Amino acid sequence: MLLDAPLAIVDLETTGTRPAIDRVTEIAVLEVDGFEVTAEWSTLVNPGNAIPPEIQALTGITREMVAGAPRFAELAEELYERLAGRVFVAHNARFDYGFLRREFDRAGLKFHARTLCSVKLARRLYPGVRHDLDSLIERHGIRCRARHRALGDAEALWQFLRLAAREHGEEILAVAARQVARQPALPPYIDRAIVDAIPEAPGVYLFYGEAAPPLYIGESRSMRSRVLQHLCSPAAWTRRVRRIEWQRTAGELGALLREASLVRELDPLFNRHLRRPRQFEPADWPHRGPLGILETDAARDATEVHVVDRWCYLGTASCDPEVMELLEAREPRFDYDHYRILARHLRKRGVRVVQLGY
């Protein structure tokens with residue numbers, strides 16, 4: 001029952017909307033037990049980077065305000081203990097939960113919690129109307145002492161939950177909460193903790209049955225979400241999954257190139273979209289020599305260099321010696337799928353490349 005469960009009503013303010021790049025500037029947690037607030041905690045957080053002017057205007061949180069605040073790593077353990085064992089409740093919980101998971105990852109902690117999104121809860125209880133927090137505040141006459149500040153928004157959300165309990169009753173509220181918080185069922189033999197350990201980051205994932213070869217190999221900019229989509233799909237092969245492996249990359253290009261290489265190398269049973277004709281005449285190579293295409297993972301402060309020569313992908317390196325090793329040790333070998341991926345990527349604006357020499 002929602003009204004009996006230990007809850008953590010959470011709200012964050014951040015420097016932007018991208019968990020891999022942006023950082024938290026303020027956190028508030030209301031600890032709720034027996035549907036009563038038993039503790040209230042909030043703090044500003046020094047993000048370690050600039051707060052854009054538009055975010056300062058929206059939240060009122062300035063660089064000067066956070067200059068003396070703790071970094072997330074300094075408060076991570078205390079926050080981790082406050083959230084432990086509680087249902088994580090937030091308005092658009094995917095955003096707040098994703099941001100905190102990424103911040104905990106940087107601090108060396110693996111955070112997992114059951115989540116309840118109050119946007120989805122409001123949509124189920126009050127269909128046919130808008131459900132952003134401003135609309136809830138206006139429609140229900142909720143008092144919010146500081147909009148777009150973490151504690152003010154968390155308190156507004158708590159008022160909404162109490163109001164919904166009064167208007168609909170405990171049983172209806174509990175049923176609605178169970179429906180929106182229900183986690184999709186995973187196939188047998190797959191431990192949810194294994195899936196939760198997959199980062200919400202670019203990379204490739206490999207599904208195995210009881211023996212080699214892999215059943216399926218895929219890539220995604222958000223591996224965990226994509227893996228869950230596969231496992232909860234009605235496809236018959238997902239019931240055969242017994243083991244999942246994954247490899248993180250710095251960006252989407254690295255994931256696409258690695259997926260194509262692994263499909264060619266391991267020949268998974270259910271990959272068909274990368275089994276293309278080998279005979280193809282590529283366009284002329286428009287560069288003087290080999291090229292390095294750079295991708296950076298800001299969360300890990302890691303850069304990968306994808307080494308390409310005459311439309312042939314030689315491999316990915318993380319340092320200059322590895323680049324030279326790829327240039328010296330491998331003969332260029334044309335692959336249609338690599339060509340298609342590289343040609344499309346190099347047409348994009350803002351691609352970072354360096355000219356390489358033998």
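**Entry 1. Overall composition**

I counted 13 helices and twelve strands in the protein, taking helices (H or I, at least four residues) and strands (E, at least two) as DSSP runs numbered from the N terminus. The model is predicted, and I therefore noted that local features need pLDDT of at least 70 and side-chain atom pairs pLDDT 80 or more, while totals for chains, interfaces and linings use all residues. Residues are numbered from 1 along each chain as its sequence is written, and side-chain values use heavy atoms, with hydrogens and water left out.

I recorded a C-alpha trace that spans about 70 × 50 × 35 Å along its principal axes. Of the 358 residues, 48% count as buried, where buried means under 20% relative accessible area, exposed over 50% and partly exposed in between (1.4 Å probe, protein chains only). I then took the contacts between residues at least 6 apart in sequence, of which 65% join residues at least 24 apart; contact means heavy atoms within 4.5 Å.

**Entry 2. Helix pairs**

I looked up α7 (residues 150-168) and α8 (residues 170-181), whose axes come within 6 Å and cross at roughly 120 degrees. The axes are lines fitted to C-alpha atoms, for helices over the stretch in contact, and angles run from 0 to 180 degrees between N-to-C directions. This crossing makes α7 oblique to α8: angles under 35 degrees count as roughly parallel, over 145 as roughly antiparallel, 65 to 115 as roughly perpendicular and the rest as oblique. On the α7 side I found L161, A164, A165 and H168, which meet E170, I172 and L173 of α8. These contact residues comprise five nonpolar, one polar and one charged. The classes are nonpolar (Ala, Val, Leu, Ile, Met, Phe, Trp, Tyr, Cys and Pro), charged (Asp, Glu, Lys and Arg) and polar (the others, Gly among them).

I next examined α11 and α13 (residues 336-346), with axes that come within 10 Å and cross at roughly 170 degrees. The two helices are therefore roughly antiparallel to each other. From α11, L253, L256, L257, A260, S261 and R264 meet D337, H338, I341, L342, R344 and H345 of α13. I classed the residues of this contact as six nonpolar, three polar and three charged.

**Entry 3. Helix α10**

I listed M223, R224, S225, V227, H230 and L231 as the buried residues of α10 (residues 223-231). They pack against α4, α9, β6, β7 and β8.

**Entry 4. Two buried loop residues**

Which loop holds N271? I located N271 between α11 (252-266) and β9 (291-297). N271 counts as buried because its relative accessibility is 0%. A polar atom of the N271 side chain lies 2.7 Å from the backbone oxygen of I217. Leaving aside neighbours within four places in sequence, N271 is in contact with L215, Y216, I217 and V263.

I placed T15 in the loop between β1 (7-14) and β2 (24-33). T15 is buried, with a relative accessible area of 3%. Not counting residues up to four places away in sequence, T15 touches several residues, including D22, P47, N49 and I55.

**Entry 5. Aromatic rings**

I obtained 17 aromatic pairs, with rings of Phe, Tyr and Trp (its six-membered ring) pairing if their centres lie within 6.5 Å; planes under 30 degrees apart count as stacked, over 60 as edge-to-face and the rest as tilted. F104 and F111 form a tilted pair, 5.1 Å centre to centre with 40 degrees between the planes. F104 counts as buried at 0% relative accessibility, and F111 counts as buried at 4%. I found both in one aromatic cluster with F72, Y80, F88 and Y97.

Notes:
A polar contact is a pair of N or O atoms within 3.5 Å; within protein, one must be able to donate a hydrogen and the other to accept it, and residues adjacent in sequence count only if both atoms are side-chain atoms.
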